[in-house]
Amino acid sequence: MRAALLGSVALTTVTGTGPVTAAHAQGTQTLSLNIGAQNLGSALTAFADKAGIRLLFPSQLVAGKTSPALSGTFSREEALSRLLDGSGLVYQFTDAGTVTISDPASASRAPLDASGAVVLGTINVSGLQNASPADAPFSTPAPTAYISGERIERFRGTTPSDMFTGTPGVLSGEARNGSAIDVNIRGMQGMGRVPISVDGSLSSATVYQGYQGVGNRSYIDPDLIGGISIQKGPGTGAYGGIAGSVSMETLKASDILLDGRNYGIRLKGGFGSNSSGVPARSTVGGMYFSQSKPGTVLGPADMARPALLEPTRGFGSIAGAAQGEGYEFVAAYAGRRNGNYHAGRNGPSAASSEDVGPRSICRDYGSGYVFCTNYPSYYENTGVSLYRGGEKVLNTSSDTDSWLLKAKFDLPQDHSLELSHTGFRSDHGDIRASILSSMTSVQATQRWTSTAAVDRYSARHRWNPDDNDLIDLRSGLWLTSLDIRNPTTAHSLTLAQMGLPDPLKTRVIVGTDTRQWGADVSNTSRFGTALGDISLNYGLSYLHEDTRPTELSRAVEEFLPPNGVRHEWQGFMNANWKPLDWLTIDGSLRYQDFSARDRSTKEDSVANSFAGQQRGRSASGISPTLGVSVEPVEGLQLFARYSEALRMPALAESSALAATFNAPGVRPERAHNWDVGVNYQAGDVLFADDDLKLKLGWFHNDVDDYIARRIVNVTTSFGTNYDGPAVGNIARAKFEGIEFSGHYALGGLKLELGASYYTDMAFCPESGACQRSSLYGDYATNHVPPKYTTSLTASHKFLDDALTLGARATHVGPRTIRADQPTAQGAAPFIVPVDWRPYVLVDVFASYEISESLKADFRIDNVGDVHYVDPLGLANIPGPGRTFWASLSAKF
């Protein structure tokens, strides 16, 4: 990991009077090094890459200094001593992974403390070397974010989507249905708009949700994730991304081992509350609203919610690691058992209105046929869900097992190789969203559970010779297997004719099998010229996707997922030029070429009977970017970037999906994106030794030829016509907003603030005809993010930093734009916009380090026991109410 340049940061250094000091014993870990004689700053950066540590030093401190060549096997202390030999500088381990470089001569007039050690005053430095991923967004001239392993663990939540809470501009759709993630960045999601990778492996699948559209699901276990890097806006990596990209890295040895140890084990176990067992299939809950009479209670009267501290769910993991000269191994297993959770008691839970009739409700069946029903008396649900306060929410259980095997080798001649395998198995609650999207004439019912099986394999190679700045070659090869199984929706008679059991009495599962694999290679070349430093990053990538329904699905299901294959090639070049110390200019070009083929037959899908149904697609194109960043003063970085990106049609937009017409001539989406922002870092702002980091950005994204689903008049091969869903281009879609991230630390106090605000969002069916609402029938109806979100986390350390207490408050606002409604008065929409109302959630947490190897964690999610529905859901499923969590982790 090559250290990134930061701006101005305040640093206090305490050293002894000898030539070299080490604040912490670092054990006997050794490194195989081959660092050529060169300027000292470059040599120290190369050492930090190999050692996996952070180096902190002002750039002027090493200016004009050189280091001797270093080749062989050394401890970290020996290597640093030799690199600094003759420079007059000293190093200090401020913690196990951080080293500060300083000049003892500057302390000659400094006072002595009680022990006789020289105390250096606080200094402001420029060009600080810092490899911390959590700090990187505040020095990156682009809209990026990072979710650390510590934050994932602290705010693990009830479902995987909870780990994205508080990240500006980032949410996960279908947060409470299906135990997966569907990441939304700046109002866009699904159909490959946000590639999600784990150790370099992509994996996602399209899940048909009836009239409510589709989900684009990725299955991961946060317990095995060590950190998440998020790029917002068009991606620059191997596989791009028109809205952004999410890159997850699994646990490393350093996440598991005690400081200074080369091998060890980490055990973690705990429990949660606020859940109950999964009842028998067909158990009903919530309230039933039939329009003509007040809401009727369906679930049990007492609801049987467990006490706050009563353990009702459990989790545990074991991880082992070993590292030494030239190698690192990690193996881990994690398991969780969660029943159906209970909703919060306080807020807009299900309740019946007074009589608001008379009212006329009409259904538009197309072709001018509208049927209306008149109700003398009419009742509505005044809540946001069908569930009462504190009630068990059906189909929200999740039992998961996951594992990780990972190895990394430092090979001769500056080569390294990383091999990774992750497995995931889930048996979870899942309901087709169209069944629970309406608030009328629908009852909440326990269904059979669904399953997901994911296996990811990846190999990543790097060749980075220390003595050759022209070569930093990286390559990757990966394979993902994703099998999703859901209970059949086929009628009992259909299954009986095939000799299969009654699906109401026995779980009969159908689903899809998806295989994705890819390869990528890139190189970075760095040049020092009279006109400034230049770096070029260039490479190629290939993606292959094959998805098909199971044979039983094809035999019994009326509406099938895609059955086809898709290929995509990408070639890219990114250039970075730094003509002046305060000025950086960058640009890139990306070429994409894709093709898709539909394997389905007329028997598979009614869509194949449509006149003009597209059975495959192909397209190609080029997209550029250009950016500039300026650092006028220490700690201040201004940046602006214009970027274009292409999104080729997804497999679900290129082959038969249920009864959706794939119009011919669909063009790729092309984004025209502007990002303008500022990063600021400073110390001693309000008090001595404090630390302030800020990131503020504005984005404007115009997406030409946005691919949407509309309701159009389609013609079958039999010559009949009817109004149905069709995939095609609209003129454009527009997304605009402001994002803010802030960090402040003083001693044991830490404050973190994240916020986003959408200033504009619109969809334009025709050129010049834009509407500030989602389009009738389009998937994006439930992709519209909140107008604003804010998240404030405050924590403080006590008892010599052994105890941490903190809280987080999250405020979610209303929809940014409304959903388009049908033209007939009172008619039901084709896609129901899932209603949520603004809400505030407060979480509290505590962590106590009992010893160096033993830690206890406690937290309470949703302290106010708020009844709420998450944004971006396809079904009306309330979030979990007040929940207590406790865990104990030990390292040996």
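These are my notebook entries on a surface patch, a small sheet and a helix in a predicted model.

**Ground rules.** I worked with a predicted model, in which local features need pLDDT of at least 70 and side-chain atom pairs count only at pLDDT 80 or more, while totals for chains, interfaces and linings use all residues. Residues are numbered from 1 along each chain as its sequence is written, and side-chain values use heavy atoms, with hydrogens and water left out.

**Surface patch.** I looked up the nonpolar patch formed on the surface by W674, V676, L696, W698, I738 and Y757, which together have about 530 Å² of accessible area; patch residues have over 30% relative accessible area and no salt bridge (a side-chain nitrogen of Lys or Arg within 4 Å of a carboxyl oxygen of Asp or Glu), nonpolar side chains being joined within 5 Å, and areas come from the Shrake-Rupley method with a 1.4 Å probe. β45 (669–683) and β46 (691–704) are the elements that give two or more residues to this patch, strands being DSSP runs of E with at least two residues and helices runs of H or I with at least four.

I then checked Y757, which is found in strand β50 (residues 749–766) and counts as partly exposed at 39% relative accessibility (buried is under 20%, exposed over 50%, partly exposed in between).

**Open sheet.** I traced three strands in the order β44-β48-β47, with mixed pairing (a pair needs at least two DSSP bridges). β44 (661–662) and β47 (707–715) each have a single partner strand, so one side of each lacks a neighbour in the sheet. β44 pairs with β48 (residues 721–729) in the parallel sense over two bridges, and F661 has A726 as its bridge partner in β48.

**Helix α3.** In α3 (residues 76–84) I listed R76, E77, A79, L80, L83 and L84 as the buried residues. They cover an arc of only 165° around the axis, which puts them on the same side of α3, the arc being that of the directions from the helix axis to the C-beta atoms. G86 follows α3 and has a positive phi, near 85°.

Technical notes. Patches are made of residues with over 30% relative accessible area and no salt bridge: like charges are joined within 9 Å, nonpolar side chains (Val, Leu, Ile, Met, Phe, Trp, Tyr) within 5 Å. Buried means under 20% relative accessible area, exposed over 50%, partly exposed in between (1.4 Å probe, protein chains only).
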